[in-house]
Protein chains: 2
Amino acid sequence: MSLRSQMLKGILEGCILSIIHQQPTYGYEISVILQEYGLENISEGSIYPILLRLQKEKLIIGEMRKSESGPKRKYYQLTEDGNEALKEFYLQWEAIKNPVDNIVHQGG
Amino acid sequence: MSLRSQMLKGILEGCILSIIHQQPTYGYEISVILQEYGLENISEGSIYPILLRLQKEKLIIGEMRKSESGPKRKYYQLTEDGNEALKEFYLQWEAIKNPVDNIVHQGG
DNA sequence: ATAAGCTACCTTGTTATACAAAGTAGCTTA
DNA sequence: TAAGCTACTTTGTATAACAAGGTAGCTTAT
């Protein structure tokens, strides 16, 4: 398993919450959006299990909608608990990013 | 298991490499240094296994030295492979940090 | 002396997660 | 009718942080 895979643990979930928070969206599009943000090659094997997990934890809710082109899509949006979890992710991200940045910039 | 624990996966190892790169040091002191950087409550149950793993992968080498006060200390320093791994960590950290920051700041 | 408390190291078992790999199926276009 | 894209799902694997426990040396107060 790659270093990147390890480093993404826990982070990817928060990113997906954040993307859904911006606009209701579905799995396949999330992979495209992540790409656009620079997180390339995040496979569906990562994204869909996260969506199912988030749904199970009631942080998001899904709804099937017909597509004008292609199969039906499962659009997700955040629940109230999801908004809380997202806030918590933001806090944790800052609490990790800043120290790590300082360690990295001091050393290298 | 906490969100923070998940988010630290892979990252903590790179931080420890970076700290050892700055100056040869030992496990107990690393926990203090991490604290000072703001990564609080990183337990020895996290640090020592990482040090043993890094040593096994020949990214660091350890050497016991007497302490003027207290038990002997195992000082570690980076090997050539360790320097390579550290550079790779820096690259991966930037490759993850920037996209995640953009996702986070876009969303909220 | 001796107990308490800090320093310092190590090990075992648990839990969670990214991802590879494989499968299913609808729609469009050549 | 086949290729190729869209879109969702499931199974199994590897790995890492950490809780919890253990060992032991040194210093200081009682």
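Trainee: Of the atoms of DNA strand D within 4 Å of the protein, what share belongs to sugar or phosphate?

Mentor: The model under discussion is predicted. In this model, the atoms of DNA strand D within 4 Å of the protein belong either to sugar or phosphate or to bases. The share that belongs to sugar or phosphate is 71%.

Trainee: Which residues come nearest to DNA strand D?

Mentor: There are 33 residues around DNA strand D, and they divide into 13 nonpolar, 10 polar and 10 charged. Those that come nearest are Glu44(A), Tyr48(A), Arg73(A), Lys74(A) and Gly45(B).

Trainee: How far is a phosphate oxygen of DNA strand D from an N or O atom in the side chain of Tyr28(A)?

Mentor: Phosphate oxygens of DNA strand D have partners in chain B, including a polar backbone atom of Gly10(B) at 3.4 Å. An N or O atom in the side chain of Ser46(B) is 2.9 Å from a phosphate oxygen of this strand. For the side chain of Tyr28(A), the distance is 2.7 Å.

Trainee: Which elements of chain B each supply at least two residues of the surface near DNA strand D?

Mentor: Chain A contributes helix H3 (27–37), H4 and strand E2 (73–78) to the elements that each supply at least two residues. On the side of chain B, the elements are helix H1 (3–7), H2 and H4.

Trainee: Let us turn to the other strand. Which residues come nearest to DNA strand C?

Mentor: The surface near DNA strand C has 13 nonpolar, 10 polar and nine charged residues. Of the 32 residues around DNA strand C, those that come nearest are Lys9(A), Gly45(A), Glu44(B), Tyr48(B) and Arg73(B). Sugar and phosphate account for 70% of the atoms of DNA strand C that come within 4 Å of the protein. The residues asked for are thus Lys9(A), Gly45(A), Glu44(B), Tyr48(B) and Arg73(B).

Trainee: Which residue has a polar side-chain atom 2.5 Å from a base nitrogen of DNA strand C?

Mentor: Two other contacts should be set apart, since they involve phosphate oxygens. A polar side-chain atom of Ser46(A) lies 2.9 Å from a phosphate oxygen of DNA strand C, and an N or O atom in the side chain of Arg73(B) is 2.3 Å from a phosphate oxygen of that strand. The residue placed 2.5 Å from a base nitrogen is Glu44(B).

Trainee: Which element gives the most to the surface near DNA strand C?

Mentor: Elements of both chains give two or more residues to this surface, among them helix H2 (11–22) of chain A and helix H3 (27–37) of chain B. With five residues, the element that gives the most is H4(B).

Trainee: Are H2(B) and H4(B) roughly parallel or roughly perpendicular to each other?

Mentor: Two packed helices are described by the angle between their axes and the distance between the axes. For H2(B) and H4(B), the angle is about 75° and the axes are 10 Å apart. An angle of 65 to 115 degrees counts as roughly perpendicular. The two helices H2(B) and H4(B) are therefore roughly perpendicular.

Trainee: How many nonpolar residues are in the contact of H2(B) with H4(B)?

Mentor: In H2(B), the residues of the contact are Leu12(B), Glu13(B), Ile16(B), Leu17(B) and Ile20(B). They meet residues of H4(B) including Ser46(B), Ile47(B) and Arg53(B). By class, the contact has one polar residue, two charged ones and, as the number asked for, eight nonpolar.

Trainee: What pattern does chain A follow along the sequence?

Mentor: Chain A has five helices and two strands. Buried residues make up 44% of its 108 residues. Read along the sequence, the pattern is α-α-α-α-β-β-α.

Trainee: Is Leu86(A) buried or exposed?

Mentor: Leu86(A) is found in helix H5 (residues 80–107) of chain A. Beyond its neighbours within four places in sequence, Leu86(A) is in contact with Gly14(A), Leu17(A), Ser18(A), His21(A) and Leu78(A). Buried means under 20% relative accessible area. Because its relative accessible area is 3%, Leu86(A) is buried.

Trainee: What is the relative accessible area of Thr25(A)?

Mentor: Thr25(A) has its place in the loop between H2 and H3 of chain A. Residues that Thr25(A) touches include Ile19(A), Ile30(A), Lys74(A) and Tyr76(A). Thr25(A) is buried, and its relative accessible area is 0%.

Trainee: Is Ser69(B) buried or exposed?

Mentor: Ser69(B) is found in the loop between strand E1 (60–65) and E2 of chain B. With a relative accessible area of 57%, Ser69(B) is exposed.

Conventions
Residues are numbered from 1 along each chain as its sequence is written. Chains are lettered from A and ligands numbered from 1 in the order in which they are written. This is a predicted model: local features need pLDDT of at least 70, side-chain atom pairs count only at pLDDT 80 or more; totals for chains, interfaces and linings use all residues. Side-chain values use heavy atoms; hydrogens and water are left out. A residue is near a molecule or strand if one of its heavy atoms lies within 4 Å of it. A polar contact is a pair of N or O atoms within 3.5 Å; within protein, one must be able to donate a hydrogen and the other to accept it, and residues adjacent in sequence count only if both atoms are side-chain atoms. Helices (H or I, at least four residues) and strands (E, at least two) are DSSP runs, numbered from the N terminus. Ala, Val, Leu, Ile, Met, Phe, Trp, Tyr, Cys and Pro count as nonpolar, Asp, Glu, Lys and Arg as charged, and the others, Gly among them, as polar. Axes are lines fitted to C-alpha atoms, for helices over the stretch in contact, and angles run from 0 to 180 degrees between N-to-C directions. Angles under 35 degrees count as roughly parallel, over 145 as roughly antiparallel, 65 to 115 as roughly perpendicular and the rest as oblique. Contact means heavy atoms within 4.5 Å. Buried means under 20% relative accessible area, exposed over 50%, partly exposed in between (1.4 Å probe, protein chains only).
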